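Colleague: I've got a model open and a few things I'd like to ask you about it. Shall we go through them one by one?

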Amino acid sequence: KAMRNTQLKIALFKVIFEECIVDLHHKQEYREFLAFVYSLPKESRQYFLDKLKKRLKESILFQIIRTARPRQWLKNMSLFAAIVFSGRLFLDNVFLMVVNGFIAFSLLASGIYFLNDIVDVEKDKKHPIKSNRPIASGKLPIGLAKIISVALITGSLLFSFTIVGSFFSYILIIYTLIQLSYSFYFRNVIF
């Protein structure tokens, strides 16, 4: 136990000096680390937790999730309205099909968000609030963002064609074309 406490103190020291962070993939190690931090006096605990939060926010995975904007997926819940109000929620595989449609649409929307942030990167860098976005701030490399955007858009369309169905997939293609035309042309047109 004394050896483990020493290891935790070393991990804590490394977090403070931002050399590394406890491996979040090893759940047991992470739990022990947090238990150790919570056993510290209140002032010390808050200091270490703030450092840990800062390190987590700087991670690439966190920046990818921020750019994907999962909070915007709530709007896609409107797909469920048709089966709820038509009384078909529990019929056959209708619910599962709508869940799959929700997944495909959410992934597609996230791919479009990545694309918009890439296109707008120079404008966003000059904006007082948007300059904090992961791509504009440089926390998420543009090359990686391009790969993720293409993967999300093509992956969602392939998923939709193979799992959901062609009609919904064509709707997603139309949505994609509308978003692309806005990103690359219509946002710059003055009417």
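Modeller: Sure, and a definition to begin with: pLDDT is the predictor's confidence in each residue, from 0 to 100. We need that here, as this is a predicted model.

Colleague: What is the mean pLDDT of the protein chain, then?

Modeller: Of the residues in the protein chain, 81% reach a pLDDT of 70 or more. The mean pLDDT for the chain is 83.

Colleague: Which helix has the lowest confidence, and which the highest?

Modeller: At the low end, helix 1 (residues 2-16) has a mean of 58. Over residues 16-25 the pLDDT is below 50, although that stretch has 23 contacts in the model beyond near neighbours in sequence. Where pLDDT is low, the predicted coordinates shouldn't be read in detail. So to name both, going by the means of 58 and 96, the lowest is helix 1 and the highest is helix 9 (residues 142-164).

Colleague: How many helices and strands does the protein chain have?

Modeller: Reading from the N terminus, the elements run α-α-α-α-α-α-α-α-α-α. That comes to ten helices and zero strands.

Colleague: And what share of the residues counts as buried?

Modeller: Buried means under 20% relative accessible area. The protein chain has 191 residues, and the share of them that counts as buried is 32%.

Colleague: Among contacts between residues at least 6 apart in sequence, what share joins residues at least 24 apart?

Modeller: Contact here means heavy atoms within 4.5 Å. With contacts taken between residues at least 6 apart in the protein chain, the share joining residues at least 24 apart is 63%.

Colleague: On to helix 4. Why do its buried residues line one face of the helix?

Modeller: The buried residues in helix 4 (residues 60-68) are Gln63, Thr67 and Ala68. Look down the axis of helix 4 and they line one face because they fall within an arc of 135°.

Colleague: Is threonine 67 buried or exposed, and at what relative accessibility?

Modeller: Threonine 67 sits in helix 4. Setting aside neighbours within four places in sequence, threonine 67 is in contact with Tyr113, Phe114, Asp117, Pro134, Ile135 and Leu140. Threonine 67 counts as buried, with a relative accessibility of 1%.

Colleague: How is helix 4 oriented to helix 6?

Modeller: The axes of helix 4 and helix 6 (residues 94-119) come within 8 Å and cross at roughly 100°. Angles of 65 to 115 degrees count as roughly perpendicular. That makes the orientation of helix 4 to helix 6 roughly perpendicular.

Colleague: Which residues make that contact, and how do they split by class?

Modeller: Helix 4 brings Ile64, Thr67 and Ala68, while helix 6 brings Ser110, Tyr113, Phe114 and Asp117. By class, the contact has four nonpolar, two polar and one charged residues.

Colleague: How far apart in space are phenylalanine 62 and lysine 139?

Modeller: Phenylalanine 62 is in helix 4, and at 31% relative accessibility it counts as partly exposed. In sequence, phenylalanine 62 and lysine 139 are 77 residues apart. In space, C-alpha to C-alpha, the separation is 9.8 Å.

Colleague: What is the phi of arginine 69?

Modeller: Most residues other than glycine have a negative phi. Arginine 69 comes just after helix 4, in the loop between helix 4 and helix 5 (79-85), and counts as buried at 9% relative accessibility. Although arginine 69 is not a glycine, its phi is positive, at about 50°.

Colleague: Aspartate 92 has a positive phi too. Is aspartate 92 buried or exposed?

Modeller: Phi of aspartate 92 is near 40°, and the residue is found in the loop between helix 5 and helix 6. Exposed means over 50% relative accessible area. With a relative accessible area of 80%, aspartate 92 is exposed.

Colleague: Last stop, helix 10. Which residues does serine 183 contact, leaving aside neighbours within four places in sequence?

Modeller: Serine 183 is in helix 10 (residues 166-184) and counts as buried, at 2% relative accessibility. The contacts of serine 183, without those neighbours, are Asn116 and Val119.

Colleague: And how far is glutamine 179 from alanine 109 in space?

Modeller: Glutamine 179 is also found in helix 10, and is buried with a relative accessible area of 19%. Glutamine 179 and alanine 109 are 70 residues apart in sequence. From C-alpha to C-alpha, the distance in space is 9.3 Å.

How values were computed. Residues are numbered from 1 along each chain as its sequence is written. This is a predicted model: local features need pLDDT of at least 70, side-chain atom pairs count only at pLDDT 80 or more; totals for chains, interfaces and linings use all residues. Side-chain values use heavy atoms; hydrogens and water are left out. Helices (H or I, at least four residues) and strands (E, at least two) are DSSP runs, numbered from the N terminus. Buried means under 20% relative accessible area, exposed over 50%, partly exposed in between (1.4 Å probe, protein chains only). The arc is that of the directions from the helix axis to the C-beta atoms. Axes are lines fitted to C-alpha atoms, for helices over the stretch in contact, and angles run from 0 to 180 degrees between N-to-C directions. Angles under 35 degrees count as roughly parallel, over 145 as roughly antiparallel, 65 to 115 as roughly perpendicular and the rest as oblique. Ala, Val, Leu, Ile, Met, Phe, Trp, Tyr, Cys and Pro count as nonpolar, Asp, Glu, Lys and Arg as charged, and the others, Gly among them, as polar.
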